[in-house]
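Visitor: I would like to learn how to read a protein model. Where should we start?

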Amino acid sequence: MKIQSAVLALAVPLAMIAGACSGSSSTSGSAGAPGGAGAMASGGSSSSGSGGLVGTGGTSGGSSCTNVTACGGSVVGTWKVSASCIKVSGNLDLSLVSAGCPTAPVTGSLAVTGTWTANANGTYTDNTTTTGDEQFTLAPACLVISSTQTDCPGAASIISSLGYSTVTCTPATGGGCGCTATVHQSGGIGLVSNIASSDGNFTAAANLLTIDGQPYAYCASASGMTWSPQTQSPTTSGTVAFEMTAASSGGAGGAGGMGAAGAGTGGTAGSGSSMAGSAGSSMGGGGNGMAPCDIYKGGGNPCVAAHSTVRALFGAYSGKLYQVRNTAGTTKDILTLAPGGIADGASQDTFCMGTTCVITVVYDQSGKGNDLWYQGSTMVPGSPSSSASKATTESLTVGGHKVYSLYINPGNSYWVDASKSGIPLGKEPEGMYMVTSGKHFNAGCCFDYGNSETDRKADGSGAMDAINLSSNRAWGTGAGSGPWVMADLEYGLFAQGDNKNNPSDPSQTATFVTAILKNNGTTEYALRGSDATAGSLTTYYKGALPGGWNPMKKQGAIVLGSGGDCCKPDGGANQSDGTFYEGCIVTGYPTDATENAVQANIVAAGYTK
């Protein structure tokens with residue numbers, strides 16, 4: 001499944017801004033006091049302070065907002081939001097969620113608080129929070145989403161993935177739904193966005209400030225600044241006002257000296273869990289140097305795709321795990337520390353120091369060449385909203401070594417056409433697993449890993465066979481509030497043999513989660529899972545395929561991070577959140593015993609935060 005995504009900008013009247021909001025009356029603010037000298041840092045010296053903050057102005061008696069008169073200027077410094085007055089009108093673009101109607105009329109309001117810092121090198125840090133609410137109406141046709149009929153709660157679940165904190169939709173008289181949405185978003189000033197970031201790059205030219213592709217008309221002086229978001233569908237109007245902080249207007253303190261680095265203590269070898277542990281695998285656990293793909297092969301289910309950013313999935317594998325690219329366009333392959341070992345996270349730290357790195361490709365360890373390139377790359381052209389995942393968002397420890405995850409946010413997705421590389425096709429049996437996280441997820445469609453369409457279109461029931469972890473409620477669900485281990489079989493997410501609730505499929509709350517799907521292609525499939533750091537697998541469902549999905553019609557592409565009909569140049573971008581550490585796809589229908597041995601190996605690998 002897939003629902004397309006993009007930035008959604010919303011807003012409406014809030015605290016009025018002097019000079020930006022019209023009204024019947026207003027009072028003037030007083031001038032700020034002169035700034036003091038900059039504070040002295042240890043080992044440094046301070047310079048004199050400059051002038052103080054300008055007055056923020058009085059209250060406005062009106063209720064309408066106008067856009068800023070753009071004048072350009074320097075935005076370098078740290079700025080505090082002093083007031084905001086933004087309005088949203090027009091139509092919400094529902095093509096972003098593959099709805100059966102193109103738009104829905106929308107109104108609402110947002111407020112902005114916090115600080116925003118621009119650096120002279122063109123990077124920024126966004127410590128703002130955007131809050132508010134919005135209302136919209138869904139026509140009956142809007143309840144057909146990604147070619148599948150849903151209800152008002154199901155539509156609310158999917159639409160929330162556009163960046164809302166919550167969405168509640170209830171049946172409306174005459175059909176359709178009336179919806180109320182709330183917003184509580186870090187970053188992405190004055191916009192509702194599922195790709196809002198706390199840091200990134202900006203440019204300022206021709207009175208237009210562009211932040212990670214989002215334009216704002218702006219006017220900046222030495223002490224104050226105003227912005228107006230430039231968005232359509234819906235249309236935004238109004239202004240966010242800032243004042244320069246005292247820290248920026250005062251003198252900068254000297255940098256303190258760096259202390260000498262202390263010597264690290266040696267690690268202790270755990271029983272059967274060190275890199276050279278007795279009878280342990282090279283991963284620090286398991287037996288006889290075996291890794292998941294060795295275990296699957298021993299059970300008669302060879303890996304035809306194996307991907308990980310944290311470790312080797314074959315006991316003898318010593319090749320490339322993934323590639324990072326810095327802002328200069330230079331790339332580096334991250335390898336294992338030893339055959340069958342952990343990723344060399346330290347080499348990524350060295351390469352990415354002082355720059356921003358993204359993960360361009362996760363290499364296939366199976367030897368089949370099924371490397372997963374990000375959708376939007378030259379290898380897999382994608383929508384303008386598609387981009388590579390940031391390489392340094394989440395670090396963790398595996399086998400006692402620092403490594404990094406593939407941290408998927410909306411807009412990130414990876415893909416390869418593996419149809420001629422040994423992956424099961426049509427009704428051929430297939431198994432797969434991934435280690436993911438129960439802490440980073442959303443209701444967006446769809447955080448998948450597995451078999452997908454080669455044309456990147458929704459080609460009908462059974463065209464996909466992929467593991468999903470999400471809290472999406474549009475189709476099947478499990479117990480509690482999610483996320484759940486489910487199967488994306490196209491035209492629906494399934495927790496059992498139909499698209500209803502499965503109380504035996506629990507919410508996944510562990511930091512590290514093992515998720516398993518196997519499908520014999522004709523009569524049966526199964527969902528299993530567990531905490532990836534302790535415990536044995538539990539079978540959540542094992543039974544008949546949904547009606548109409550028998551036999552399966554798998555096409556043989558591999559997707560990671562999104563659904564199947566995603567991310568083409570004309571097809572929108574991914575909406576889902578999720579984390580990927582490792583996973584593989586195998587031929588045949590693995591036994592429970594084989595999967596249990598794989599789970600034991602994952603636990604022994606030693607995932608920790």
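**Surface, strands and turns**

Guide: The chain has an accessible surface of about 22,000 Å², and 53% of that area belongs to carbon and sulfur atoms. Accessible areas come from the Shrake-Rupley method with a 1.4 Å probe, and for residues only the protein chains shown count as cover. This is a predicted model, in which local features need pLDDT of at least 70 and side-chain atom pairs count only at pLDDT 80 or more, while totals for chains, interfaces and linings use all residues. Residues are numbered from 1 along each chain as its sequence is written, and side-chain values use heavy atoms, with hydrogens and water left out.

Visitor: How many helices and strands does the chain have?

Guide: Helices (H or I, at least four residues) and strands (E, at least two) are DSSP runs, numbered from the N terminus. The chain here has 5 helices and 35 strands.

Visitor: What percentage of the residues count as buried?

Guide: Buried means under 20% relative accessible area, exposed means over 50%, and partly exposed lies in between (1.4 Å probe, protein chains only). Of the 609 residues of this chain, 54% count as buried.

Visitor: Which residues have the most contacts inside the largest nonpolar core?

Guide: A nonpolar core is a set of buried Ala, Val, Leu, Ile, Met, Phe, Trp, Tyr and Cys residues joined through side-chain atoms within 4.5 Å. The largest one has 74 residues, and those with the most contacts inside it are Val 324, Tyr 414, Tyr 433, Ile 558 and Tyr 607. Another core lies apart from it, with 37 residues, including Leu 138 and Val 192.

Visitor: What does Tyr 607 touch?

Guide: Contact means heavy atoms within 4.5 Å. Not counting residues up to four places away in sequence, Tyr 607 touches ten residues' worth of surroundings that include Val 310, Leu 396, Phe 512 and Ile 602. For the chain, take contacts between residues at least 6 apart in sequence: 71% of them join residues at least 24 apart.

Visitor: In what order do the strands of the open sheet with S20 lie?

Guide: Two strands pair if DSSP finds at least two bridges between them. In this sheet 3 strands lie in the order S21-S20-S35, with antiparallel pairing. Strand S21 (401-404) and strand S35 (607-608) are at the edges with a single partner strand each, so one side of each has no neighbour in the sheet. Strand S20 (residues 395-398) is joined to S21 by 4 bridges, and Ser 395 has Tyr 404 as its bridge partner in S21.

Visitor: Is strand S13 mostly covered or uncovered?

Guide: Strand S13 (residues 235-244) is mostly covered, with 8 of its 10 residues buried. Strand S1 (residues 77-89) pairs with S13 in the antiparallel sense over 10 bridges, and Trp 79 stands opposite Met 244. Strand S12 (residues 224-229) also pairs with S13 in the antiparallel sense, over 4 bridges; here Thr 226 stands opposite Ala 241.

Visitor: What is found in the turn between S12 and S13?

Guide: S12 and S13 form a hairpin with 5 residues between them, and Ser 233 in the turn has a positive phi of about 55°. The peptide bond from Ser 233 to Pro 234 is cis, with omega near 5°. The bond from Asn 550 to Pro 551 is cis too, with omega near 0°; Pro 551 lies in the loop between strand S31 (538-544) and strand S32 (557-560).

Visitor: Where do the side chains of strand S10 point?

Guide: Along S10 (residues 208-211) they alternate: Leu 209 and Ile 211 point to one face and are buried, while Leu 208 and Thr 210 point to the other and are not. Strand S9 (residues 199-205) runs antiparallel to S10, joined by 4 bridges, and Phe 202 has Ile 211 as its bridge partner. On S10 and strand S11 (residues 214-220), 4 bridges again make an antiparallel pair. The hairpin of S10 and S11 has 2 residues between the strands, and Asp 212 in its turn has a positive phi of about 50°.

Visitor: Is Glu 490 buried or exposed?

Guide: Glu 490 counts as buried because its relative accessibility is 0%. Glu 490 has a positive phi of about 70° although it is not a glycine, and is found in the loop between strand S27 (484-488) and strand S28 (493-494).
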